[in-house]
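Here is my note on the model you asked me to look over, written as numbered points so that you can follow each one with the structure open beside you.

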Amino acid sequence: MTASVQPSGFILIVDDTPTNISVLAQTLRQAGLAIRIANDGVGALEQVKREQPALILLDVQMPVMDGFETCRRLKADNTTSHIPIIFMTALSDKASRVKGLSMGAVDYIPKPFEQDEVLARVQVHLQLKNLTDQLEERVEERTRELQNAQVQLVQQEKLATLGQLIAGVAHEINNPMACIANNIEPAYEYIQDLSELIGLYQKHYSDPAPEISELLANRDINFALQDLPRLLDSMDLSAQRIRDISVSLRNFSRSDTNTKQAVDIHEGLDSTLVILGHRIKSSGERPEIMVEKRYSNLPEVACFPSALNQVFMNILANALDALEAVEEPMILIETKVVGDSSVDIEIADNGPGLTALIKQRLFEPLFTTKPIGKGTGLGLSISRQIIVEQHQGRIECFSAPGEGCKFVISLPVGNSDEHNSYQPIAAIA
Ligand SMILES: Nc1ncnc2c1ncn2[C@@H]1O[C@H](COP(=O)(O)OP(=O)(O)O)[C@@H](O)[C@H]1O
Ligand SMILES: [Mg+2]
């Protein structure tokens, strides 16, 4: 790697002897370097506070504050500790040289000055400083990348576990559910038989034993007989709903194979809506969210269904977040065939919309405007990965403040035996 010797900043010369300053200044200026001058330690510290030099040439013996004390203060402050310091000491003064280096100076320049040597040492240290800065930048960049990757891995791991759990629970619910659903019909028939029998008893034994008369007086048997079928009807409806939820959960969490599958996109959208049902229904102050579906007649789309469902989930969950304080909240889901080889899925809300600034950063990993614990800032960046990299599609956001927000996903219809060379990173965020 090559680094430019030309520093972006200047070199600060700290010395109380005018001849020293003029020799140094001339040498460095001739080499095209920018310089500033301070006459003692206090002046040097003030100068550094105003603007940081790329390098400091520091005399040891000075009035007011000597070079050692100046160096100690610069090294003690972590906003200035990284500035390289070169001491200037008399050739004979070995003790000062050692002390300077042990205090964190990078080098020393012996007096009287040899112009070539001064320049050579200064340039070496400027280059080192440049390299160090670049290295630090690279380390920061890599650390950021690693953090992103780590967050995504954790998220992916969590989701895989969650998916298994959901699929397991959905499966376990099935048998008891089937038991309830299948027994409702016979229960209905038995009750009819029994009420018929009771009717006949009442007809033929109009003067029952006192025990029976007492029971009839205390209970509203006629009401019970009328109400029982209605109870069974509502149990039947509830059982049906549990079955729908269970099917949706299994649909939603089915694990993707490594080839694309041809699926009905609407099924994925509907499963996601069922799972988000509790956030769509009205609760407390919040009104029910109107969900309007305008589904077209779509061909099956070759895709990784569970990854795609996560995209729907992320976008719908964001819309639900955005609609929290809206008076008549609405979500519109529209699907369209575009040309002869792609489909569009549009998800729009009438929430507050986005400012241009937020819209610009929307898909960045970890970008969120939500409080900690609510937002992770991963939903859209992962959605983009799934749509663009995994499905070779497009995802775009159309929005302006006060005008709601619309996400448009375009997917190629594709063919289902296409291999997945891309490892999905999927998360609900
Ligand atoms: N439908 C929407 N309406 C308004 N803002 C939205 C909408 N969808 C996304 N956003 C903005 O985009 C940001 C990033 O979304 P996302 O990546 O899902 O992360 P998170 O939801 O965790 O904040 C959100 O914090 C929000 O500011
Ligand atoms: Mg989100």
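The points below go from the chain as a whole to its two sheets, then to one helix residue, and finally to the ligand.

1. Please keep in mind throughout that this is a predicted model. The chain is built from twelve helices and twelve strands, and its radius of gyration of 38 Å is well over the 22 Å that the globule rule gives for 429 residues, so the chain is more spread out than a compact globule. When the C-alpha trace is laid along its principal axes, it spans about 135 × 60 × 40 Å.

2. Two overall figures are useful beside those dimensions. Of the 429 residues in the chain, 26% are buried. Among the contacts with a separation of 6 or more, 72% are between residues that lie 24 or more positions apart.

3. One open sheet is formed by five strands in the order 2-1-3-4-5, and the pairing in this sheet is parallel. Strand 2 (35-38) and strand 5 (107-111) stand at the edges with a single partner strand each, so one side of each is left without a neighbour in the sheet. From one strand to the next, the twist of this sheet averages 20 degrees.

4. Within that parallel sheet, it is worth tracing one pairing by eye. Strand 1 (residues 11-14) runs parallel to strand 2 and is joined to it by four bridges; if you begin at I13, you will find its bridge partner in strand 2 at I37. Helix 4 (residues 94-102) lies across strand 4 (85-90) and strand 5, and it runs at about 170 degrees to strand 4.

5. Another open sheet, again of five strands, has the order 7-9-10-12-11, and its pairing is mixed. Its edge strands are strand 7 (290-294) and strand 11, each of which pairs on one side only, and the twist of this sheet averages 15 degrees from one strand to the next. Helix 8 (residues 265-275) packs on the sheet, where it touches strand 7, strand 9 and strand 10, and its direction makes about 170 degrees with that of strand 9.

6. Which way do the side chains point along strand 10 (residues 342-349)? They alternate: V343, I345, I347 and D349 point to one face and are buried, whereas S342, D344, E346 and A348 point to the other face and are not buried. A student may wish to note that the buried set includes D349, whose bridge partner in strand 12 is C405.

7. Strand 10 has pairings with two strands that can be followed in turn. With strand 9 (residues 330-338) it pairs in the antiparallel sense over eight bridges, and E334 has E346 of strand 10 as its bridge partner. These two strands form a hairpin with three residues between them, and in the turn G339 has a positive phi of about 60 degrees. Strand 10 is also joined by eight bridges to strand 12 (residues 405-412), running antiparallel to it, and there A348 stands opposite K406.

8. Strand 11 (residues 394-399) and strand 12 run antiparallel and are joined by six bridges, with V408 in strand 12 as the bridge partner of E396. They too form a hairpin, here with five residues between the strands, and G402 in the turn has a positive phi of about 80 degrees. Helix 12 lies across strand 11 and strand 12, running at about 130 degrees to strand 11.

9. A single residue of helix 5 (residues 115-204) deserves a closer look, namely A170. Because A170 has 19 C-beta neighbours inside 10 Å, it counts as partly exposed, the cut-off for a buried residue being 20 or more. Leaving aside neighbours within four places in sequence, A170 is in contact with S246, L249 and R250. A170 and I242 are 72 residues apart in sequence, while their C-alpha atoms are 9.7 Å apart in space.

10. What surrounds ligand 1? The shell holds 22 residues, and the closest of them are N318, T368, G375, G379 and L380. Helix 10 (305-322) and helix 12 (379-390) are the elements that give two or more residues to this shell, and the largest share, four residues, comes from helix 10. By type, the residues of the shell divide into ten nonpolar, ten polar and two charged.

Note on methods
Residues are numbered from 1 along each chain as its sequence is written. Chains are lettered from A and ligands numbered from 1 in the order in which they are written. This is a predicted model: local features need pLDDT of at least 70, side-chain atom pairs count only at pLDDT 80 or more; totals for chains, interfaces and linings use all residues. A residue is near a molecule or strand if its C-beta atom, placed from the backbone, lies within 6 Å of it. Ala, Val, Leu, Ile, Met, Phe, Trp, Tyr, Cys and Pro count as nonpolar, Asp, Glu, Lys and Arg as charged, and the others, Gly among them, as polar. The radius of gyration is taken over C-alpha atoms; the globule rule is 2.2 Å times the number of residues to the power 0.38. A residue is buried if 20 or more other C-beta atoms lie within 10 Å of its own, exposed if 12 or fewer, and partly exposed in between; C-beta atoms are placed from the backbone. Two residues are in contact if their C-beta atoms, placed from the backbone, lie within 7 Å. Two strands pair if DSSP finds at least two bridges between them. Axes are lines fitted to C-alpha atoms, for helices over the stretch in contact, and angles run from 0 to 180 degrees between N-to-C directions.
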